[in-house]
Amino acid sequence: MMLSTSMLDRSIQELESRSLARIASAKTREDLEAARVEALGRKGGLNQFSKEMGKLPPEERKRIGALLNAAKQNLEAAIEARERTFAEAALNVRLDAEWLDLTLPAPGPRRGHLHPITRIQRELEELFSSLGFAVLDGPEVETEYHNFDALNIPPDHPARDMQDTFWLESGNLLRTHTSPVQVRGMERFGPPLRMIAPGRVFRNESVDASHEHTFYQLEGMMIDRDVSVAHLIYFMKTLLAAIFKRDVTVRLRPGYFPFVEPGFELDIQCLICGGSGCPVCKQSGWVELLPCGLVHPNVLRMSNIDPEQWNGFAFGLGLTRLAMMRYGIDDIRQLQGGDLRFLEQF
Ligand code: FA5
């Protein structure tokens with residue numbers, strides 16, 4: 001089909017004004033690209049008129065050529081201008097989102113907080129201090145004498161197997177319990193004595209939901225005249241009431257430890273499952289928390305205390321397990337896993 005030049009003029013103008021309108025109303029870069037293809041694309045738009053030009057007389061060809069060029073330049077300028085407005089809008093969005101108020105004061109260092117075990121330890125230190133107990137510390141690398149012999153556990157005694165021990169090449173060991181601090185307390189202060197000794201202990205055992213190789217205990221000891229099981233039970237009840245601030249179900253059963261006679265295990269009904277059974281209590285409903293008893297006369301004798309004159313009670317609270325019960329933590333490994341997202345909850 002051959003268009004007359006006046007029709008060609010009009011068609012070019014129509015395409016130009018239609019395309020300018022479409023460019024002006026483009027809302028997205030995709031809209032704009034579609035308008036560009038329609039106006040300047042290889043197969044359509046102004047290019048289709050170029051083909052017609054070849055058929056025109058030379059002077060008309062020149063005029064229409066100039067018309068097409070002008071239209072092309074107008075459209076390209078309009079597209080460029082529209083693109084600039086998109087770029088500006090995108091920049092403004094980014095500037096809004098990334099805006100920084102440099103006049104604000106710096107946030108300062110993040111404040112930490114106490115680990116749940118430390119919190120309970122400090123509460124118990126305060127409680128026992130108020131009851132006249134000294135808070136003692138002892139070495140984590142212990143002698144065999146203080147960890148075992150002085151506690152009525154001579155070499156070859158089967159009770160040594162109750163606590164798998166990390167032995168050091170020096171012949172010393174990583175203390176398996178806080179009980180050696182009892183011995184150090186008796187050696188240093190003699191009777192009468194009221195002491196507690198919180199601290200870290202180590203056992204070479206496999207780890208599971210309720211067993212760690214490194215955990216915390218809190219040892220307690222009272223040596224005086226005429227100390228009885230009634231005193232022991234009173235202090236254990238006071239301890240649990242202070243920590244749980246509510247009634248907890250406990251049971252006392254006979255327990256064997258060479259350094260006490262009689263010996264007891266005070267178990268607490270599992271607060272993770274309410275006693276119905278879970279991995280923490282090994283499905284038994286009870287958690288071993290507080291072994292205790294009256295100090296064995298041999299232990300007093302070994303530390304030069306006359307068992308005819310003095311007697312006492314001792315206990316070895318599982319502080320890490322107590323923290324689990326108090327805060328409802330169902331896996332002991334989380335306490336020392338170092339994951340701050342976990343610890344920040346307490
Ligand atoms: C002892 O360590 C005795 N020294 C306790 C004692 C002291 C008895 C004074 C009598 C007089 P036992 O091995 O049961 O006992 O550990 C004491 C407590 O530590 C347990 O009741 C338990 O709460 C905790 N415990 C033991 N092993 C682990 C472990 N692997 N991970 C976490 N807690 C543990």
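**Pockets, a cavity and a helix pair**

Student: How much space lies in the second largest pocket?

Tutor: About 210 Å³ of space lies in the second largest pocket, and please keep in mind that we are looking at a predicted model.

Student: Okay, and which residues line the second largest pocket?

Tutor: The lining is made up of I233, M236, K237, L240, A241, R246, D247, V248, V250, R251, L252 and L266.

Student: Which element gives the most to that lining?

Tutor: Helix α8 gives the most, with 5 residues, while α8 and β6 each supply at least two residues.

Student: And how does that lining divide by class?

Tutor: The lining of the second largest pocket has 8 nonpolar and 4 charged residues, with no polar ones.

Student: Switching to the largest pocket, what volume does that one have?

Tutor: The largest pocket has a volume of about 770 Å³, and of the 37 residues that line this pocket, the closest to its centre are R203, E265, E288, P291 and R321.

Student: Which elements each supply at least two residues of its lining?

Tutor: They are α7 (179-189), β5 (214-224), β6 (250-254), β7 (260-269), β8 (286-295) and β9 (311-318); β8 gives the most to the lining of the largest pocket, with 6 residues.

Student: How many of the lining residues there are charged?

Tutor: In the lining of the largest pocket 12 residues are charged, alongside 15 nonpolar and 10 polar ones.

Student: What about closed spaces, how many cavities of 30 Å³ or more are there?

Tutor: The count comes to 1 cavity of 30 Å³ or more, and about 40 Å³ of space lies in the largest cavity. Its lining consists of F148, I153, A159, M162, Q163, F257, P258 and F259, which by class gives 7 nonpolar, 1 polar and no charged residues.

Student: Back to α8, at what angle do α5 and α8 pack?

Tutor: Helix α5 (residues 116-130) and helix α8 (residues 229-244) pack at an angle of about 135 degrees, and their axes are 10 Å apart. That angle makes α5 oblique to α8.

Student: Is the crossing left-handed or right-handed?

Tutor: The crossing of α5 and α8 is right-handed.

Student: Which residues make the contact?

Tutor: From α5 the contact is made by I120, E123, L124, L127 and F128, and from α8 by F235, T238, L239, A242 and I243. By class, the residues of this contact divide into 8 nonpolar, 1 polar and 1 charged.

Methods. Residues are numbered from 1 along each chain as its sequence is written. This is a predicted model: local features need pLDDT of at least 70, side-chain atom pairs count only at pLDDT 80 or more; totals for chains, interfaces and linings use all residues. Side-chain values use heavy atoms; hydrogens and water are left out. Axes are lines fitted to C-alpha atoms, for helices over the stretch in contact, and angles run from 0 to 180 degrees between N-to-C directions. Helices (H or I, at least four residues) and strands (E, at least two) are DSSP runs, numbered from the N terminus. Angles under 35 degrees count as roughly parallel, over 145 as roughly antiparallel, 65 to 115 as roughly perpendicular and the rest as oblique. A crossing is left-handed if the near helix is turned anticlockwise from the far one by less than a right angle, and right-handed if clockwise. Contact means heavy atoms within 4.5 Å. Ala, Val, Leu, Ile, Met, Phe, Trp, Tyr, Cys and Pro count as nonpolar, Asp, Glu, Lys and Arg as charged, and the others, Gly among them, as polar. On a 1 Å grid over the protein atoms alone, a cavity is a set of points where a 1.4 Å probe fits but cannot get out, and a pocket is an open set with protein on both sides within 12 Å along at least five of seven lines; lining residues have an atom within 4 Å of a point. Grid points are joined across faces, edges and corners, and a volume is the space filled by probe spheres set on the points.
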